[in-house]
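Visitor: I should like a close look at a single part of this structure, set out with its surroundings. Please then relate it to other sites that deserve attention, and say how far the model may be trusted.

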Amino acid sequence: MTAAAALDKTPALERPAGFRPSRAVREALAGSLFATPAVVLLLATILAPLIALVVLSFTDYELGAVDVRWLGGDNYRQALGDPVFRRAVSNTLLYVALVLPGGILLGLLAALAVHGRKKSRGFYETAYFLPVTATLIAMAAVWQFLLHPRIGPVNAVLKAVGLPEQAFLSEPSLLIPTLAFIGLWNVVGFNMVLFLAGLSGIPKDLYDAAEVDGAGGSVDRFLTVTWPMLAPTTLFVAVTTSITAFKVFDTVAVLTGGKNGTEVLLYAIYLEGFQYFKMGYAAALTVIFLLFLLVFSVFQAVKLDRRVHYT
Amino acid sequence: MPASLKLDRISKSFGTTKVLDEVDVEIRAGEFVSIVGASGCGKSTLLRIIAGLETQGAGHVRLDEVVVDAMAPRERNVAVVFQNYALYPHMTAFENIATPLATSRLSLYERLPVLGRLSRRRAKIRAGIAADVAAVAAQLRIEALLDRKPGQLSGGQRQRVALARALVRRPSLFLMDEPLSNLDAQLRVHMREEITELHSRLGATFVYVTHDQVEAMTMSDRIVMMDKGRVAQIGSPSDLYDRPATIAVARFIGSPAMNFLPAAADSSGALFHADRRLPVDTDRAGPVVVGLRPENVAIGPVYEGAALVGRIRRVEHHGHDRLVHLDLQSPLGGMLSARVSATDALSDPAEGCFVAVDFTGPAHVFDGDGLRRTSKVVRLGFGRIDTAAEAAE
Ligand SMILES: Nc1ncnc2c1ncn2[C@@H]1O[C@H](COP(=O)(O)OP(=O)(O)OP(=O)(O)O)[C@@H](O)[C@H]1O
Ligand SMILES: [Mg+2]
């Protein structure tokens, strides 16, 4: 019988102090062991690429180039002075400003309309959700046809009711709103499903209480119960919608190709990095893009914690 | 002003299941009436119909003799306290209590979040509302809790806030659906007193749904006992206790529960349990069930010719008295419990002993349909052996 085996038979309390690490240390060790796989994955898949990106953004690295020079903040300085990039930023912000409130409002309205239905609910849910499952690139072709100046049905309708025809996909001032409309079409179904989930989580009793309290009218019901109880859902919808909107890319790439001043952030990054091979510069733009998302997410996460937890 | 309430043949079905069947109830202004019954018998549905939250399939609801079937809950001027309180979780206690006042005193436009501020009279009305909320909060001693949200309140405190919200606009009829069922036993007893006291102070009409017969017995002027969507009996607590109209009422009311013995009546109305003559007579022949409250069962030493003999299975000590559970020594088996005083000579019966069982008070006889039959106990106490019954065997 080995010494270790003999020791194992002794009750824990009788072991000489200091022979094994204290309970706290052992727990800490075991804890770190359990956390290791998650931490390694996080490092390898998210943090390491992010650090590489930041490092890259301070260099003039080009795809396939052999020597790399350290530029310091030059890429960033160039980006801030670049009129194309500045237009990409303002276009993206305009796009988000159109899609975010529209996406929340229409998603909510669709959910409210569908929620009360019993038999037709499945049909409406599927119908609204279809655009989410459709590939935007493929659907862009359909939109191109719909909005075509000569053969498109949209302009045919405008003409029929006596309104001036519009060049939706070439008139510069209409381009971003048109893209935003398609983005909206794509995102409303998803938001509706989220709102529907939120609506079914509202206790029925609260509506009964509202009715007894004299808040039984539809506006009162909405303001007293539905809207406040949906606050957590609304914030979540706002976060996902704004991130989706910030990442607008495919419709721009397919419908306008970034021409006529329709550059958006992700498209500008794509051009610099994969068309002009200026990886260092593209990395700097990506860092700026991520900062935008970060500001949004942090703002919303803080609000989420402060205001919308009722328990 | 308290309102009187009249339910006139109310029926209600959900799909094909009949939940309420011709419910007729009359409640006087200022009365405290409990609706009791087993789970699923339609108590909540009835309450919701009175409140106007549910529409009945047939029949009428009358408040102060006026038919209110077409009125919204608010127009009926009823207040409801819900089982899980249904407080608005995003509002403070103050805002919860103020809601019914705001909806009645401010116009819809004045209640809107931003636009409402444009109204000139809003500030003044708001001040009036705050004063009324403060007054009702003082009544229920929740002044200190007014700026907390429901999530930050204990069950009892939420209960009080819910009561305050119901009280604040002085309704003529209070409806409560098992308002105490989420509280612990001690708090429940306390709130029971508080609600009773509130009732006498306000003088309003209270309709109180509960499945706890103790609550119903201790709080109400009258009890409506429901059974499978029908009214089984309406009466004072002592009516229901002393003269249960059906076997369901007998089973439900009283704790510890009533004992039941299967028996048969011969043509003279004498009752037999497995050929032993029970000391009870009824009016007609046929199979019956005899109900006996534990306090009307006496036990004593076994004697020659005792109608029933039991073997003591377990003795429960309740302080002032004891509950003795017996296995009946009869071919039909069965159990019986007897409530004996702790100071009784036989107060400490040993488990496993055999004892004679006698009836010392009213026995309730129910026929095959569970309906009450007239009955009388023919002999009382021990030792009065009816040899004629022996001879009949
Ligand atoms: N909205 C509804 N749809 C279908 N059936 C319902 C509905 N509401 C209640 N029921 C049914 O009606 C019957 C009576 O329900 P109710 O809630 O009135 O019972 P209750 O006496 O209050 O019971 P408990 O003591 O458990 O609260 C039950 O069988 C229930 O399943
Ligand atoms: Mg109920």
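Guide: The part chosen is B:His364, which is found in strand E20 (residues 363-366) of chain B. The model is predicted, and the description should be read in that light. B:His364 counts as buried because its relative accessible area is 1%, against a cut-off of under 20%. Its side chain is joined to the side chain of B:Arg372 by a polar contact of 3.1 Å. B:Arg372 also appears among the residues that B:His364 touches once those up to four places away in sequence are set aside. The others are B:Tyr241, B:Asp242, B:Pro244, B:Met258, B:Val289, B:Val290, B:Gly291 and B:Arg293.

Chain B also holds an unusual piece of backbone geometry. As a rule, most residues other than glycine have a negative phi, and most peptide bonds are trans. The peptide bond from B:Ser255 to B:Pro256, however, is cis, with omega near 0°. B:Pro256 sits in the loop that runs between helix H9 (247-252) and strand E11 (259-265) of chain B.

Two further residues of chain B call for a similar remark. B:Arg9, in strand E1 (residues 5-14), has a phi near 45°, a positive value in a residue other than glycine. With 45% relative accessibility, B:Arg9 counts as partly exposed. B:Tyr85, which is not a glycine either, has a positive phi of about 75°. The loop that holds B:Tyr85 lies between E6 and helix H2 (93-105) of chain B. At a relative accessible area of 5%, B:Tyr85 is buried.

B:Gln56 offers a second example of a buried polar side chain with named partners. It belongs to the loop between helix H1 (43-51) and strand E4 (58-63) of chain B, and its relative accessibility of 14% places it among the buried residues. Its side chain makes a polar contact of 3.0 Å with the side chain of B:Asp69. That same side chain reaches the backbone oxygen of B:Gly59 at 3.1 Å. Apart from neighbours within four places in sequence, B:Gln56 is in contact with B:Ile10, B:Ser11, B:Lys12, B:Ile49, B:Val61 and B:Asp69.

The next region brings both chains together. In H9 of chain A, the buried residues are A:Leu206, A:Tyr207, A:Asp208, A:Ala209, A:Ala210 and A:Val212. Their cover includes helix H10 (218-229) of chain A, and also H1, E6 and H5 of chain B. Just after this helix, A:Gly214 takes a positive phi of about 85°.

The model also contains enclosed space in this region. Rolling a probe the size of a water molecule over the atoms shows where empty space is left. The count is 1 cavity of 30 Å³ or more, and about 50 Å³ of space lies in the largest cavity. From chain A, its lining takes A:Ala209, A:Val212 and A:Asp213; from chain B it takes B:Ala79, B:Val80, B:Arg165, B:Ala166 and B:Arg169. At least two lining residues come from each of three elements: helix H9 (204-212) of chain A, strand E6 (78-81) of chain B and helix H5 (155-167) of chain B. By class, the lining has 5 nonpolar and 3 charged residues, with no polar ones.

Chain A provides one more buried site. A:Asn186 is found in helix H8 (residues 172-200) of chain A, and at 18% relative accessibility it counts as buried. Leaving out neighbours within four places in sequence, its contacts are A:Pro131, A:Val132 and A:Leu136. The C-alpha atoms of A:Asn186 and A:Ala134 are 8.4 Å apart, although 52 residues separate the two along the chain.

Confidence remains to be considered. The predictor gives the complex an ipTM of 0.83 and a pTM of 0.81. Chain B averages a pLDDT of 88, and 95% of its residues score at least 70. Over residues 380-393 of chain B, however, the pLDDT is below 50, and this stretch has 22 contacts in the model beyond near neighbours in sequence. Chain A averages 86, with 91% of its residues at 70 or above. Over residues 1-7 of chain A the pLDDT is below 50, and the stretch has 4 contacts beyond near neighbours in sequence. Within chain A, the mean is highest in H9, at 94, and lowest in helix H1 (residues 3-9), at 48. Where pLDDT is low, the predicted coordinates should not be read in detail.

Definitions and conventions:
Residues are numbered from 1 along each chain as its sequence is written. Chains are lettered from A and ligands numbered from 1 in the order in which they are written. This is a predicted model: local features need pLDDT of at least 70, side-chain atom pairs count only at pLDDT 80 or more; totals for chains, interfaces and linings use all residues. Side-chain values use heavy atoms; hydrogens and water are left out. Helices (H or I, at least four residues) and strands (E, at least two) are DSSP runs, numbered from the N terminus. Buried means under 20% relative accessible area, exposed over 50%, partly exposed in between (1.4 Å probe, protein chains only). A polar contact is a pair of N or O atoms within 3.5 Å; within protein, one must be able to donate a hydrogen and the other to accept it, and residues adjacent in sequence count only if both atoms are side-chain atoms. Contact means heavy atoms within 4.5 Å. On a 1 Å grid over the protein atoms alone, a cavity is a set of points where a 1.4 Å probe fits but cannot get out, and a pocket is an open set with protein on both sides within 12 Å along at least five of seven lines; lining residues have an atom within 4 Å of a point. Grid points are joined across faces, edges and corners, and a volume is the space filled by probe spheres set on the points. Ala, Val, Leu, Ile, Met, Phe, Trp, Tyr, Cys and Pro count as nonpolar, Asp, Glu, Lys and Arg as charged, and the others, Gly among them, as polar. pLDDT is the predictor's confidence in each residue, from 0 to 100.
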